[in-house]
Structures are given as structure tokens and as C-alpha cells.
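Here are some exercises to work through with the structure open beside you. Try each task before you read its solution.

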Amino acid sequence: MGISTNTTTYGDISPRTAGRVVARLLERGQHLMVTERFGQVDPQPKNKTKTVKYRRYNSFPRAIQPLAEGVPPTGNKLTYVDITATLEQYGDAYPLTDVVADTHEDPILQQMTDLAGECAAETVETIRINVLKAGSTVFYAGGAAGRTTVSSPPTRGDFKKIYRFFKKNKAREISQVISASAKISTEPVDAAYFVMGHTDLNADFKAMPGFVPAINYADSTKALPGEIGKIDEFRIILTAMFEPWEAAATSATGTDYLSSGSAPASAAAPDVYPLIVVAKDAYGIVPLQGFNSITPSVVNPKPSSGDPLGQKGWVGWKTYQTAVILNQSWIARLECCATANPE
């Protein structure tokens with residue numbers, strides 16, 4: 001019976017034959033997941049359609065004309081906009097042999113289970129980020145005309161423009177976020193618009209006039225995970241999950257900004273980073289039932305019709321997910337550069 005070439009075997013992870021074996025394995029670095037905190041979480045029940053529909057009713061026009069005596073108004077018809085999203089299934093599986101499970105000195109099955117959970121979380125976060133990055137409301141740092149000409153880190157003036165845009169379109173500040181718990185619940189926060197972006201921009205925000213570090217908040221314990229501070233009406237959350245478009249500013253070559261993730265030794269096209277700025281109810285995230293709605297599966301090596309000696313087991317996960325922008329006027333993308341050598 002053949003074994004998949006992607007199966008974890010003893011040859012892949014040989015025992016440590018030299019030196020003292022440390023019982024406690026080293027921790028892996030894990031990215032911070034943030035998109036779930038600021039979206040509408042609307043789980044889809046099982047045994048329903050894969051399509052999710054949101055409906056928004058449009059405001060009535062202002063009645064600024066005086067009424068004529070004895071003449072009733074003609075009235076205005078109720079109108080609405082439907083926004084739909086379709087759940088898609090994602091997942092992966094990681095086979096291993098019985099020899100590894102039975103004899104290896106490390107708890108390989110537990111390690112594979114942890115890695116599978118990490119992969120599932122980062123997969124879901126990436127799916128959501130890709131939806132948010134595709135929004136139609138775009139600002140370019142420093143007043144650039146487009147992505148290829150961006151040659152500036154984010155500025156205070158950029159956020160003043162976004163604030164003006166949000167207020168014109170009745171975008172409300174966020175005062176409740178999804179709590180980091182096993183159940184869908186909210187927790188209050190100081191009202192603000194929230195900015196999500198990459199940790200490479202940390203120094204550029206801290207160098208911005210008017211920036212207030214989170215440690216200087218009246219109550220710094222109320223800062224959210226990943227929150228570095230605020231600028232005017234905007235609170236800043238950074239995580240390495242918001243990856244840039246590498247070397248995308250092709251008309252703005254120079255050595256001042258990161259290119260392909262590092263400081264360029266010579267003139268090179270800067271990377272362009274997305275900053276996602278959100279107001280209340282800007283987007284929705286839809287798992288299939290439950291809060292995280294990721295189904296893990298662990299099958300220990302055991303005899304079956306296709307594996308009579310029980311030589312192979314599996315660790316895997318699957319999920320149904322979708323995300324959707326609910327109002328393009330309540331979410332904005334600011335495209336900018338990251339300073340290569342901040343002082």
C-alpha cells in the first residue's frame with residue numbers, strides 16, 4: 001500500500017540524536033487576528049442556503065418644501081439595496097504514519113493539531129482581508145494619483161480627508177466591538193473609527209504629528225490587542241497579516257521606503273501598504289454556524305478497509321466562510337509606503 005508523498009513520516013522528522021532533549025518545545029510565533037472584532041458577525045445556520053443576503057433601506061429625501069393648504073404630500077416610496085454573499089468551503093488535511101505517532105519523542109499529533117488550528121485561523125483572516133482590500137473607496141497617501149505613484153507614508157492630512165468623507169456619508173464611529181471570547185458578544189470601547197494595517201507602519205504612525213501612543217491613554221488597559229495608539233478620531237490596530245503589494249509603486253522608485261519587504265540598497269519600486277479604515281457596520285463576516293465555525297478533525301492511525309494495518313492517520317480542518325462589504329461609503333482603503341530606515 002502506497003503512502004502519500006505529503007504524509008509526515010519518520011524520515012521527515014528524524015529523532016534528535018545529539019544533545020539533551022528539552023521536553024518543552026519552543027513556541028511558534030502567531031499572527032494577531034483582528035478583522036473579527038470590527039465586523040458584523042452573522043452565523044449562517046446549517047441546512048440553509050449558501051447565499052447570505054443583507055438589506056439596507058435608503059433614507060427618505062428631506063421634505064424641505066412647505067405643504068400647500070389642504071393638499072396632502074405625494075409621498076415617497078420605500079427603497080432598499082440588497083447585498084449578497086456566498087459561503088465557500090475551505091480546509092486542508094495533514095496525514096502522518098503510525099510509526100511517528102507511536103515512537104517519536106515529541107508530541108507530534110498535538111503539534112500537528114495546533115498547526116492545523118493556526119493555519120485555519122490565518123486562512124480565514126486572509127479571506128476577510130482580501131475582501132476588505134477590494135473596496136472601491138480608495139485614498140492615496142500624500143495625494144498621489146494612484147498606486148503606482150504612491151511615495152509617502154500615511155499622513156495626518158490623509159486621515160482628515162477620510163474623516164470628512166465618512167461624515168458626509170453618515171458613517172458612525174464604532175463604540176462596540178466583538179469580544180475575544182468563545183461566544184458572540186460585544187464589549188464597549190471608546191467611540192472612534194478603526195484603522196487596520198501592517199506592523200511595518202508602526203514607526204510612521206508614531207512619527208506622525210498628533211499621534212497619541214496607547215500607553216498614554218487615560219486608561220491604557222482599554223487598548224485593544226495590537227492597538228498602538230490613535231490619531232485624532234482614529235484608533236490604530238497593526239498586525240503583520242495586512243501584507244503589502246510588493247514593489248507596486250513603479251513610478252516612485254527610491255531608497256526611502258521598503259521594497260519587497262526590506263530596505264533597498266539602490267533605487268527600487270516601493271511596496272504599497274493597505275490601511276483599512278472602518279466605521280460601524282462597514283462589513284459583515286459570515287461563518288457557517290457557531291463563532292469561529294472551524295471544524296477540526298483528528299483521526300489516529302487505525303485499521304480500516306483502505307488501511308488494514310492502521311498505518312496512517314490524519315489531522316485536518318474545514319470551514320465555510322464568507323465576508324462582504326456592506327457599505328462602500330463606510331470603509332476606506334488608504335494606500336501608503338513604509339519608511340525603510342525610521343529614526
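Buried means under 20% relative accessible area, exposed means over 50%, and partly exposed lies in between (1.4 Å probe, protein chains only). This is a predicted model, in which local features need pLDDT of at least 70 and side-chain atom pairs count only at pLDDT 80 or more, while totals for chains, interfaces and linings use all residues. Residues are numbered from 1 along each chain as its sequence is written, and side-chain values use heavy atoms, with hydrogens and water left out.

**Exercise 1. The whole chain**

Task: Find what percentage of the residues in the protein chain is buried, and how many helices and strands the chain has.

Solution:
- Step one is burial: of the 343 residues in the protein chain, 38% are buried.
- Next comes the secondary structure, read as DSSP runs numbered from the N terminus (helices are H or I, at least four residues; strands are E, at least two). The protein chain has four helices and 15 strands.
- Then look at contacts, meaning heavy atoms within 4.5 Å. Among the contacts in the protein chain with a separation of 6 or more, 74% are between residues 24 or more positions apart.
- Finish with the surface, computed by the Shrake-Rupley method with a 1.4 Å probe; for residues, only the protein chains shown count as cover. The protein chain exposes about 18,900 Å², and carbon and sulfur atoms supply 51% of that area.

**Exercise 2. Helix α3**

Task: Work out whether the span of α3 agrees with its number of residues, and which of its residues are buried.

Solution:
- The expected span of a helix is 1.5 Å times one less than its number of residues. The 13 residues of α3 should therefore span 18 Å, and its end C-alpha atoms are 19 Å apart, which agrees.
- The buried residues in α3 include D158, F159, I162 and F166. They lie on the same side of α3, because they cover an arc of only 90 degrees around the axis; the arc is that of the directions from the helix axis to the C-beta atoms.
- A general rule helps here: an α-helix has 3.6 residues a turn, so residues three or four places apart point the same way.
- On the other side of α3, R164 and K168 are exposed.
- After α3 comes K170, with a positive phi near 60 degrees.

**Exercise 3. Two loop residues and the core**

Task: Decide whether S152 is buried or exposed, do likewise for L87, and then turn to the nonpolar core.

Solution:
- S152 sits in the loop between β5 (138–140) and α3 (156–168). Its relative accessibility is 13%, so S152 counts as buried.
- Beyond its neighbours within four places in sequence, S152 contacts A141, G142, Y257, C336 and C337.
- L87 belongs to the loop between β3 (80–86) and β4 (88–97). With 2% relative accessibility, L87 is buried too.
- Q44 is one of the contacts of L87 outside its neighbours within four places in sequence, and others include V286, L288 and Y320. The C-alpha atoms of L87 and Q44 are 8.9 Å apart, although 43 residues separate the two along the chain.
- A nonpolar core is a set of buried Ala, Val, Leu, Ile, Met, Phe, Trp, Tyr and Cys residues joined through side-chain atoms within 4.5 Å. The largest one has 51 residues, and F38, F159, F205 and V278 have the most contacts inside it.
- Not counting residues up to four places away in sequence, F205 touches residues including P154, F159, I228 and L275.

**Exercise 4. Salt bridges**

Task: Count the salt bridges, and say which parts of the chain D82 and R55 tie together.

Solution:
- A salt bridge is a side-chain nitrogen of Lys or Arg within 4 Å of a carboxyl oxygen of Asp or Glu. This rule gives 10 salt bridges.
- In one of them, the side chains of D82 and R55 meet with N and O 2.7 Å apart. D82 is in strand β3 and R55 in strand β2 (residues 51–57), so the pair ties together parts 27 residues apart in sequence.
- D82 is partly exposed at 30% relative accessible area, and R55 is partly exposed at 42%.
- D232 and K160 form another, the closest N and O atoms being 3.9 Å apart. D232 is in the loop between β9 (227–231) and β10 (234–238) and K160 is in helix α3, 72 residues apart.
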